[in-house]
Structures are given as C-alpha cells and as structure tokens.
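The following exercises concern one protein chain. Please study the sequence and the structure, attempt each task, and then compare your reasoning with the worked solution.

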Amino acid sequence: MSFPIKQRRWLYISLSILSLCLAVTITPAQASLQVPTTSTLNVSASTSQPINWLEQGRNLYHSGRFVEAVTVWQTAAQQYHNQGDRLNEALSLSYLSLAQQELNQWEAAQKSIEQSLKLLQTSIPSADAILWAQALNTQANLQLHTGKAEIAIASWQQAQKYYDQAGDTMGSLGSQINQAQALQSLGFYRRSKQQLEALTEKLQGMPDNEIKVSGLRSLGLALQIIGDSSKSQQVLEQSLAIARQISAQPQLSSILISLGQTAIDLQDPETGLDYFEQAQLLATNPSDQLQARLAQFKLFLNYDKPEFANPLAPQLLQQLRELPPSHTSLYAAINFVATVNYHQSNSDEILPLKDLAQLMAVTVKSAQQIQDTQAEAYALHQWGKLYRRTQQLSQAQELTQKSLNIARQLQANDIIAQSAWQVGQLYKQQGDRDQAITAYTEAVNALKALRGDLVAINPDVQFSFRTSVEPVYRELVDLLLQSEKPGNRENKEELGQGYKPKAFASALRPPASDQPSQAALMQARELIEALQIAELDNFFREACLDRTQQIDQVDPTATVVYPIILPDRLTVILSKAGQPLRSYVIHKSQTEIEQTLENFLVTLNPVSDSKDRDRLSQQIYDWLIRPAEVDQAFIDTKTLVFVLDGRLRNIPIAALSDGKQYLIEKYAVALSPGLQLMATRSNHISAIVGGISQSRAGFSALPAVESEVKQISKAMSSSLLLNQEFTSQALAERVKSSSAGIVHLATHGQFSSRLEDTFLLTWDGQVNVKELSELLKNRGSDPSKAIELLVLSACDTAAGDDRAVLGLAGLAVKSGARSTVATLWPVKDRAAAMLMTRFYDQLRQPKITKAEALRQAQINLIRQTDFHDPFFWSGFVLIGNWI
C-alpha cells in the first residue's frame, strides 16, 4: 500500500538537501558532507515496511555507507514495483542514483535516474511537483559530474520551477546555487556572480529560520569554491549569526568549520584556529567533533607548530579507532595519515609509524568490508608511503602497486597519479631508470587527464599543486635529462615485477655521449609545456587553454628557449623549426641559481649599484644564452621565445647583457606559457583605450596616463574611456560592440599567484581576473573576433610573491587575446607613456611583428632618452603570439 506524498515528504526534504550539498560542493564522492537536520524527521511507528527501507537507506547514506544504501533502495524500488506504486518506485530510484553517483557508478546512476524520470512521465495520476524536482535535481547533479554543464543548468532550471510550485524554498535556492556553479564551470563568471548576488539578496529577505541558515551556508561554500573567499566569509558569518540566534545547534559546528577554512584561504590562520576550536566545543555529534579536530591538527602542522599538533595526535588516533566503518570514518583516517606523511620530517615526534601503519591496515580492511574501493586504494597508497619512509621498499612497492591496480580498474586518475608517482619514486630510488620513467609517465598522463578537475580532487586527501602535481612533472624531466650511470640497475630486482619495461622507456635512454636523446629532449620539452598549462589550470581552477597553434607553424625565424631549473643543474633546451633539439647543462645547484636570480632583481632598482647589476646580468646571460651563441645555434634567429621556469619568470630577460649589449639589442624577445599559441589574424589597427589618471580607491594618481591614452587615441582609430567613464560595464559594452583589435588599459592592477589577489582597477572598483577574462571575451566564440593585442601599461606583481607572474600569464591566456603586453613592476608613468607611444608608432609600420615593435620602442628608450636604465624599459614583456 502506498503512503501519501505528505508522509514521505520528510524523507525527500532530507535527501534533497543532501543532494543539494553534493552538487554545490562539486567534489567527488569521497568528500565528507554535513546534512542539515530538519524538524520534519519524525515517522509514525505504523509506517509500512517499504517506507522503513527508504528511511533506512537515508540513514545509511547520511552515515556514508553508500553500498548498503544502494542495496536498501534497490530493494525498496523492487517492492514498490511489485505493489504497482510507480511514484514511490520513482522516488526510490532517484535516491538510488544519488548513492550510485557517490560510488562513481555513473552508468548505473544514469540508468536509475532515467527509469525514475520515465515512471514520473507515465504516472497516473501525475506526479507531484516535489517528486519531479527531486528527480531533476539528481539528474542535474549527474550531468554536471559527467561534464555536461550546459544540460545540467537546464535540468536545474526545470527543477527550480517544480520546487517553486511545491513551495520548497530550500530546494529552489539550492537549484539556483547549483546553476551559478555550473555557469562558473562554463566560464560565465559575471553571470554566475550576478546570480549569486541575487540569491544573497533573496536570502536577506527571508525570515530567520533553519532554511535560511542552510541556504546561506550553501551559498558561502559555493563562493569559497569559486575563489571569492571574502564574500564567502561574509555570508558564512551571517549564517552563523542566525544559527546562534535561533539556536540551530546541529548546524553551528559545520558552519564554523567552513569559516575556519575560509579564514585560512584569506591567510588568517589564527582566526581559522579559533573557529575550529569553537566547532569542536559546539559539535553535537562525533563526526563534527572529529572534523574540527582534524582541521586543527592539519593547521598546526601546516604552520609548523608541532608542539600543538602532538597532543592532538593520540586523541585523534583513538577516536578514529573507535569509529564504526563508514565512508566518512575511512576518509578521516586517510586524511589523518596523509597529513602526517606530508609532514614527514616531524612525523616520528607525532606518532609511532607502527600505529599509523596499523590504522591504515584496519582502514583497508574496513574499506573492503563496506566495498568502498576508492577508499581502499587511497589507504593502500598512504600505507605504502609509510613503508617507504622506513626503507622497507618491497612492502612499499607491493602496497602501492595494489593501490595503482585498483585505481586503474576504477579509472580514478587522481589515485593513479599519486600511486604511479610513488611507484616511480621507488624505482628511481633503486636505480631502475626505465621502470621509473614508465611509472612517472603514467602519473603525468593521469594528471593531464584530470586537467580542470584537479581542483575537485577529494579535499580529504589532496594537497596543494606545489606538493602533489608540480613535483611529478619536474622529477620526470630530471630523469629524462640525466644520463644512465653504470650500476644503476644492480638493485632493481628488490622492487618485484609490478611494471614491465616499455619500449618508449628504452628509447629515451641517452646515448653514451651523456647528451640526452632526441626522444628524451622532446618529452622533457613537452612536460615543461604541460606543467605550465597545468599551473594555469590550477590558478583558474579549471582547464583554460584551447584553440592553439604550434610555434613551428607560426615563425621559422624564432628559436624557443626552455631553461629548466633542476635540483643540481640548469638545463637549457633549444627548439627551432626543422632542426634537432639542442640542450646545454650548467652544473649549479638550484639554491645558487635562485639566489642569483633574486639578487639580480634587487639590483634592478635604480638606486642599486650598477656594477652588481651588470655582473649578475652577465652571469645569467652566460647560463641561458652564451653556450648557444658559442654553438652558433642562433644563426638566422630574429626572435627568442622563452618558456620560463620557476623563479626565471620574475626576471626581465630583455635586460640580460653580454657585457656590451643588452639581449633586446640583439634579438626581439617574447614569453610563452607553452609551445602552443593562438594563431594571429590580420587586423586594421583600431583600439579601445581606457585608463585612470586620478587617485582612486586608495591607489595613487597616474598623471601621465591622461596624455598616454590621448596620444594613443590620436595615433589610431580608437574609443576612449578615461577616469569616470572607465567602468567595468562601459568596458564590457565597448568590447562587445567594437571590432577593435587592440585593448589598451592604463590603470592600476596587480598580478599574483593567488587568483583572489589578481585584479585590474576600474572607476567602480576592482575587477578580478576571471571577470576580466570573461569581459574581454565578450564577443562570442568566433575566433576571428578575438582581441589581437591586450596592453596593460601600469600593472604590478604582488610583493613577496615569487610566483606572481603566474597571474600575468593566466590573464594573457584566459583573456583570449592573441598577444599581451604588460609590466612586471610599476614603471614611472612618463616613461611608460613614452614607450607605449613609440610602440604604437612602430606597430603601424608594414610587416613588423609585435615583438620587434616592442624591441624598437625599448631600444629607443635605451639610446635616445633619459630612461636608459633597465628599470624603466625592461619590465615591459610580450606574452603569447609575437607576430
């Protein structure tokens, strides 16, 4: 006998909120999520058996026991089918799809939701709006996770209509939050931000209740994920204030944990710690208390405070041992051990390794018991890492290989990347170069497959790009570019037979001359390019480079220079169309190289000793340029294109000197984030010119900007936006309505390795880099309408950020502009105006490339003005297509 819609609504509400949270966080199934408790979770004792199955499934799902939830909901669906109750069968199948999504059973989840929707379509009487909303919400979540963001938006829009019909405010808000995040994944940042702002206003108008608290928390999490940490903090603080006011005790702890994470994102660890401590005190269940303690533990270790972390470790270990097996408890244990493994220099002071190994052994067994194979693979990986630290290499190899085998079966690229990397490290440790290269290559391929999904890797087990992605690329490059020494293979048998040597690994072995083979050089070059792209993906939290063209197809008179900083040497690879790759090695330590680069940057200040500057400039020239010149590798080369690595990105390459001339006096210079570039197009010279000359929003005045933009406007057909006219909306409208190939912006801006700290100043406020990139691509998807040249003549790189140029490269790529000219530091505005005027004068000459136009403008300042010091001209760089 079927039960009334009203009776089963309590179960729907709980799960609709849960699926809302799943979609809002856009993380894989392993993420631990907190589900708001509602006041409608009361069930009559006289409820029939099927409703008990639905309730039981919900309880299992809520506790992370997804395999059991699948079994229970399959039983419920079959029972309702036998009874002819199509509506409750559809509800069961919708819930079943959610649980299958948690287990990454995408085909099964698709089949379940399709069956659910088919039942709703053919149901007589017709299904209530609330059931349609739930099913469409589940379908949209599946569509987003399988890369169909546009279709997911349409499904959530339908779901929202049904939620509104049913009077379900929380469901409607959740659908709108989900739509905003799907818009983000498609690159529509301004539309997404507008939707989130509209939702914030809508929530403000609601009465203070638990729905408002949950809505604000979900909104805060969404803002945190897209990188707007400040706004996230404001929304979460409001959610917390209301929760306290209405005594919504069960929600307090989860909100406080979210606030703590946001505070850390804003580089305020003390406030983050305070939130975590409050969360632990106010936790109403063991899971919340555990999550708060884990957050504190990780914070202490990340900020090098072992004296505070050590007392927490035994408490956490005991609590983890006592928890029953569940999805949440497994990942809590994995997170705990991963944190300790990461801080391995202090690990022996925290807990004995045997206790950690025992915890992972139990975790593996529990994962097998509840059939959570991904958790099993993660646990095996961390267990293997523990053995590697104690030099028990055979055991480490066996466990890590098991992890890798499971990950391959699951096609879980995030686990493949980490476990294959560890297998490679083990082979390298034993001197088996071929096997190490094979394993590392598998790890890199898995990272490439992830691309924009890297940000969505399970937050309970991931570490930063700097620690879990970049080293994989660099260590493989190091292997490829080193010669195989005698005796390297003598201990390889200790590692067992997990890998079979691949043909390509043997092909990459360098010849006896110690010069890496062409195959090895080509793969090393491709890896450096891939690493640059991966860094940009990570910066924007999505894949961001497409519509590209190989450099060899762009300019046969260019030579591409790849300087690669390795731990014990600097390797420079040269690439020129139609010629074999060349490489040169400078045997200097990474520390010495980076210190020299840092010292050179300091001497670029005009008040510094010019002798020190010249000495250091020549030193770096001798490393990067002179070996190739001696080898006559630059014959017939007009442009040097640098794909810079690490700290090299911060230095002005044009200012390097051979002792007589600056590099820019000999060659045009361009920078590229990788070998692939967007093709150039012919375009009549017309421009959109904007700038701010007056002081604004705490930024100093730039008096020469007014004459700069007016001179440029006179020199070519242009549309001018100055001071009050230069708003983000006005710029967006001009870009959309104009066919101008040049956008020149003379205003304050900052580049940083942090997405949140990269922005441009308009009259009405700061425009972050994501919004700016969308604004500049406001002409649709037609490549022929893309901006030919973006010029930013008054920007700066963030102080104390040795990777700040990443923000500049990010904007250069993400804007869709084929070429970008920008400054590495703020240049005296009169010098900038002079250089820019000469640049555009040159650009109007027939058959001149952008790189040559910039070169001639810089040479003009060197030889014919008072601004001959490198400080005034070398900070201007050209990124992207130089033709």
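**Exercise 1. The largest cavity**

How much space lies in the largest cavity?

Solution. This is a predicted model, in which local features need pLDDT of at least 70 and side-chain atom pairs count only at pLDDT 80 or more, while totals for chains, interfaces and linings use all residues. Residues are numbered from 1 along each chain as its sequence is written, and side-chain values use heavy atoms, with hydrogens and water left out.

Step 1. Begin with the term: on a 1 Å grid over the protein atoms alone, a cavity is a set of points where a 1.4 Å probe fits but cannot get out, and lining residues have an atom within 4 Å of a point. A volume is the space filled by probe spheres set on the points, which are joined across faces, edges and corners.

Step 2. The largest cavity holds about 160 Å³ of space. Its lining consists of 13 residues, and Q532, R649, S672, P673 and A809 are the closest to its centre.

Step 3. Helices (DSSP runs of H or I, at least four residues) and strands (runs of E, at least two) are numbered from the N terminus. Both α26 (518-540) and α33 (805-814) supply at least two residues of this lining.

Step 4. Sort the lining by class: Ala, Val, Leu, Ile, Met, Phe, Trp, Tyr, Cys and Pro count as nonpolar, Asp, Glu, Lys and Arg as charged, and the others, Gly among them, as polar. The lining of the largest cavity has nine nonpolar, two polar and two charged residues.

**Exercise 2. The second largest cavity**

Determine which residues lie nearest the centre of the second largest cavity, and which element gives the largest share of its lining.

Solution. Step 1. The second largest cavity contains about 90 Å³ of space. Of its 16 lining residues, I653, A654, V669, F876 and V877 lie nearest the centre.

Step 2. Two or more lining residues come from each of β6, α35 and β17 (876-880). Strand β17 gives the largest share, with three residues.

Step 3. By class, this lining comprises 13 nonpolar, two polar and one charged residues.

**Exercise 3. Salt bridges**

State which parts of the chain are tied together by the pair E665 and R863, and describe the salt bridge between E89 and R86.

Solution. Step 1. Side chains of opposite charge can pair when their charged atoms come close. A salt bridge is a side-chain nitrogen of Lys or Arg within 4 Å of a carboxyl oxygen of Asp or Glu; the count by this rule is 26.

Step 2. In the salt bridge of E665 with R863, the closest N and O atoms are 2.9 Å apart. Because E665 lies in the loop between β5 (639-642) and β6 (668-671) and R863 in helix α35 (residues 850-864), the pair ties together parts that are 198 residues apart in sequence.

Step 3. Are the two partners buried or exposed? Buried means under 20% relative accessible area, exposed over 50%, and partly exposed in between (1.4 Å probe, protein chains only). E665 is buried at 14%, whereas R863 is exposed at 51%.

Step 4. For E89 and R86, the closest N and O atoms are 3.5 Å apart. Both residues belong to helix α4 (residues 86-102), three residues apart, about one turn of the helix. E89 is buried at 9%, and R86 is partly exposed at 34%.

Notes:
On a 1 Å grid over the protein atoms alone, a cavity is a set of points where a 1.4 Å probe fits but cannot get out, and a pocket is an open set with protein on both sides within 12 Å along at least five of seven lines; lining residues have an atom within 4 Å of a point.
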